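Q: I am new to this structure and would like a close look at a single part of it, set in the context of the chain around it. Please explain the terms as you go.

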Amino acid sequence: MTRPGPLERFGAAARVLGALWRVNVVEELQYRANFVASLLGTLFWMAMALLTLALFFRHTTRLGGWDYWEVVALLGVFNALTGVIEAVLRPGIGELADEVRSGRLDLILVRPWRSDSGSRPTPSGGWDGRPRPRACSRLSSPSAPRSRSCMLSGWRS
Amino acid sequence: VRQWLRRYAALIRAAWLVDLQYRAAIAIWMLWNVTEPAIALGIWWSIAGAGAVQGFDRAEFARYFFGVALVNQLALAWDAWYIDRWIREGEMNFRLARPIKPVHEAVADNIAYKLRTASVVLLLWILAALVWPPVRLPFAPGRWALFALAALLAAAIRFLNGYATGLLAFWTTRATALMELQFGVALFLSGRLAPLALLPPAVARAAHLLWFPYVLAFPVEVLTGAVATPADYVRGFAGQAAWLLVWWAAYRAVWASGIRRYGAVGG
């Protein structure tokens, strides 16, 4: 069997990325109340930020040489950039730590594609050959007693 | 009583040791909690450069926001987020199987965590006061004792408020959203971003009808001396006592009916 050329590999990667993206959008929309709530939450915090500015500018007209509307524009730029980061990078990176801790990473490593980028298949699934502690894993039987370290592992993460 | 002292000593010791495993995370949270008042102080410092703002000069802002950093560290309430997850993911089960109620474990956890972090904030304040005169407080042991009482009550109110709100997860999946909502409102109404005197008067009056000023602004003002007359003290402590009772009753009611409703499979 010949190795696929760079163009085919790129095409396959794009297809996988597209599929992953579709799955994520559908997952997100499945919880409609949650979607509406997070939308309201975003609006709420935006209102809080504007009220904070209004509070400071109640007692002054300029802050470090910036007037009210200049700071509002700055806030808008900040929110827009944060939005891009939240949408593209944050959810996956945030979940990674939890997946490593809880053992759910196992499930992802055995998939044929890296789910973080989807850019290339993992040659050996990242398995290092050593058995992993499974006591905390969701895959272990629900009736298995939890070890003390498992009870504490979710303490403050 | 002795039995409870022994139980609490064991729980606090366990919580203290658990925290030792999360030194880096705790340092980062503490840094964040100090950053917010530091930023607010920076902004008011700049505004007050042109002259006092409604009687607040730069040094008064500095003392106020050092106080905010300390009281906020003492009265933090994070339990709602844990309870929410425990109930949702079934981790509440083994806590319910223990011989004492989960709330005692949470109280011990709070004591251990706050002993560690608040003493660091206090130490930072003392070091800052050595080199920076504006944040020095006059020597007043009586006032400090009243401050300790006010801070303890503030911590108790916020703890019960957070715990009761978190227990709403027995019914809803949005208990933490309610906490976020309170957190956002508290930025203004509890005096985190500005002393209450600098809010629009109608907002400040509305704030005093709620518990928010009693969990932050009141203890801070006891410490900085803004609360000085006996009438102010009585009003403040009466407000704290009333809200403590309200949230304690709320906790009891929510716990009693929620636990009857709770059922979990697996975990």
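A: Tyr251(B) is buried, because its relative accessible area is 5%, where buried means under 20% relative accessible area, exposed over 50% and partly exposed in between, with a 1.4 Å probe and protein chains only. This is a predicted model, in which local features need a pLDDT of at least 70 and side-chain atom pairs count only at pLDDT 80 or more, while totals for chains, interfaces and linings use all residues; side-chain values use heavy atoms, without hydrogens and water. Residues are numbered from 1 along each chain as its sequence is written, and chains are lettered from A and ligands numbered from 1 in the order in which they are written.

Tyr251(B) belongs to helix 12 of chain B, which covers residues 230-261; helices (H or I, at least four residues) and strands (E, at least two) are DSSP runs, numbered from the N terminus. Setting aside residues up to four places away in sequence, Tyr251(B) touches Lys101(B), Val103(B), Leu160(B), Tyr163(B), Ala164(B) and Leu167(B), a contact being heavy atoms within 4.5 Å. Leu137(B), by comparison, is 114 residues away from Tyr251(B) along the chain, and the C-alpha atoms of the two are separated by 37 Å.

Helix 7 of chain B spans residues 141-167 and includes Pro141(B). Pro141(B) is partly exposed, with a relative accessible area of 46%, and between its C-alpha and that of Ile259(B) there are 44 Å in space and 118 residues in sequence.

Helix 7 also leads to another part of the chain, since it is included in what covers the buried residues of helix 4 of chain B, along with helix 5 (92-96), helix 6 (102-131) and helix 8. Helix 4, residues 79-89, is mostly covered, with 8 of its 11 residues buried; among them are Ala80(B), Ile83(B), Asp84(B) and Trp86(B). After helix 4 comes Gly90(B), with a positive phi near 80°. Thr176(B), in helix 8 (residues 175-189) of chain B, counts as buried because its relative accessibility is 17%. Apart from neighbours within four places in sequence, Thr176(B) is in contact with Ala80(B), Trp81(B) and Asp84(B).

For the wider setting, chain B has 12 helices and 0 strands, and 49% of its 267 residues count as buried. Among the contacts in chain B with a separation of 6 or more, 77% are between residues 24 or more positions apart. The radius of gyration of chain B is 19 Å, which agrees with the value near 18 Å for a compact globule of 267 residues; this radius is taken over C-alpha atoms, and the globule rule is 2.2 Å times the number of residues to the power 0.38. Along the principal axes, the C-alpha atoms of chain B fill a box of roughly 65 × 40 × 35 Å.

A word of care concerns chain A, which averages a pLDDT of 70, with 69% of the residues scoring at least 70; pLDDT is the predictor's confidence in each residue, from 0 to 100. Over residues 117-157 of chain A the pLDDT is below 50, although this stretch has 67 contacts in the model beyond near neighbours in sequence. Where pLDDT is low, the predicted coordinates should not be read in detail.
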